[in-house]
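Here's a quick briefing for anyone meeting this structure for the first time. Have a look at it, then read on for the pockets, the cores and a few single residues.

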Amino acid sequence: MKIAIVGASGAVGQEFLKVLAERNFPIDELRLFGSERSAGTRYSFGGKEIEVKLLQHNDDFEGIDIAFTSAGAGTSKEFAKTITKHGAIMIDNSSAFRMDEDVPLVVPEVNAADALCTPRNIIANPNCTTIQMVVALKAIENLSHIKRVHVSTYQAASGAGAAAMQELHDQYRQIVNNEPVRVEKFAYQLAYNVIPQIDVFTENGYTKEEMKMYHETRKIMHSDIKVSATCVRVPALRSHSESIWVETERPISVEEAREAFSCAEGVVLQDNPEKKDYPMPLFLAGKDPVYVGRIRKDLTDDCGLSFWTVSDQIKKGAALNAVQIAEFLIKEWRK
């Protein structure tokens, strides 16, 4: 397989390199692309030094089988035809094509088969918060159709990039040293704070991040499910958390839910409250699965169920999900 990574120097691009190596992904040739700022940078992969090439409108993608792109929606839109014109499948990590009808939006544990229909040679990787949630929701959906979801997210600084993680580090140091606190990546100081806004507000009072969870979930699950989200930035470094409430068509017991989660693809059940054992972002950075705990019946609705999830949004929420899509495609191509 000939593979390309666009945005190789970014946080997700670097995660692509790690995930591809970890999973022994079949690569005969790897090409790296980036902006003028990152072009010329060299990265080690598979015992070789690979130089990042400047992304241009030329024939550099000729012969490429799969291109992983994570350089922002604007870049994806501008270069999509250049990347795909020779037949490469573009697995895009931006928001550029997620809601386009002729572009599948794929989480392999939920709707892998959608990846086989690619009229534009583009597959969209969903938003990280959506990926994490639908992997968990699929286990419950298999028991009884989910009618509605209320979710509050607790999103780590790394969701805004490596510079945002550094800003959080710096803010704590600045506070301890009685220095002025620098705020650039977020609307407010994140250290010792939570910010109930991720992305810009829309006309209905929800942010774009919150509306992504509504629309993307329905597309991925091929469902009339209704999702109401509140997305919050918290001073954790890496891995997002979500408090999820679901209403199903029939009552689901805690025991049924635990059994479903324990058997679900891509899910690890961590639910032993008596021993204070539940998922926390501090301990789950760099892990592949979606971790589920704090499972309990809703006290106001017999068909309601609440649970808590944690997942590394750079890994499963971005790079790993895209690589899993590629692995599924390769498996199907080889049949």
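Helices (H or I, at least four residues) and strands (E, at least two) are DSSP runs, numbered from the N terminus. What you're looking at is a predicted model, where local features need pLDDT of at least 70, side-chain atom pairs count only at pLDDT 80 or more, and totals for chains, interfaces and linings use all residues. Residues are numbered from 1 along each chain as its sequence is written, and side-chain values use heavy atoms, with hydrogens and water left out.

**Pockets**

- Rolling a probe the size of a water molecule over the atoms shows where empty space is left.
- A pocket here is an open set of points on a 1 Å grid over the protein atoms alone, where a 1.4 Å probe fits, with protein on both sides within 12 Å along at least five of seven lines; lining residues have an atom within 4 Å of a point.
- The largest pocket has a volume of about 900 Å³, a volume being the space filled by probe spheres set on the points, which are joined across faces, edges and corners.
- Its lining counts 37 residues, and Asn93, Ser158, Gly159, Ala160 and Gly161 lie nearest the centre.
- At least two lining residues of the largest pocket come from each of helix 1 (11-22), helix 5 (162-176), helix 6 (208-221) and helix 9 (315-333), with helix 1 giving the most, 3 residues.
- Sorted by class, the lining of the largest pocket has 15 nonpolar, 16 polar and 6 charged residues; Ala, Val, Leu, Ile, Met, Phe, Trp, Tyr, Cys and Pro count as nonpolar, Asp, Glu, Lys and Arg as charged, and the others, Gly among them, as polar.
- The second largest pocket has a volume of about 300 Å³.
- It is lined by 14 residues, and Gly7, Gly34, Ser35, Ser38 and Ala71 are the closest to its centre.
- That second lining splits into 5 nonpolar, 8 polar and 1 charged residues.

**A glycine by the largest pocket**

- Gly159, one of the residues nearest the centre of the largest pocket, sits in the loop between strand 8 and helix 5.
- Is Gly159 buried or exposed? Neither quite fits: Gly159 is partly exposed, with a relative accessible area of 41%. Buried means under 20% relative accessible area, exposed over 50%, and partly exposed in between (1.4 Å probe, protein chains only).
- Not counting residues up to four places away in sequence, Gly159 touches Arg233, His240 and Gln313; contact means heavy atoms within 4.5 Å.

**Nonpolar cores**

- In soluble globular proteins, nonpolar side chains tend to be buried together.
- A nonpolar core is a set of buried Ala, Val, Leu, Ile, Met, Phe, Trp, Tyr and Cys residues joined through side-chain atoms within 4.5 Å.
- The largest one has 53 residues, and Phe61, Leu137, Val149, Val246, Phe261 and Phe307 have the most contacts inside it.
- Helix 4 provides the largest share of this core, 8 residues.
- Apart from that core lies another, of 34 residues, with Ala8, Val12, Ala318 and Leu329 among them.
- Val246 belongs to strand 10 (residues 240-248) and is buried, at a relative accessible area of 0%.
- Outside its neighbours within four places in sequence, Val246 has contacts that include Leu137, Ile140, Cys303 and Phe307.
- Leu137 in turn touches residues including Met221, Ile225 and Ile244, leaving out those up to four places away in sequence.

**Two buried serines**

- Ser144 lies in the loop between helix 4 (128-141) and strand 8 (146-155), and it's buried, with a relative accessible area of 6%.
- A polar atom of the Ser144 side chain is 3.3 Å from the backbone nitrogen of Glu249.
- Ser241 is part of strand 10 and is buried too, with a relative accessible area of 3%.
- Beyond four places in sequence, Ser241 touches residues including Gln132, Ser152, Pro281 and Trp308.

**Positive phi angles**

- Most residues other than glycine have a negative phi, and most peptide bonds are trans.
- Lys276 has a positive phi, near 55°; this residue is in the loop between strand 11 (267-269) and helix 8 (281-284) and is exposed, with a relative accessible area of 64%.
- Arg294 also has a positive phi, near 50°, but its place is in strand 12 (residues 290-297), and at 37% relative accessibility Arg294 counts as partly exposed.

Technical notes
A polar contact is a pair of N or O atoms within 3.5 Å; within protein, one must be able to donate a hydrogen and the other to accept it, and residues adjacent in sequence count only if both atoms are side-chain atoms.
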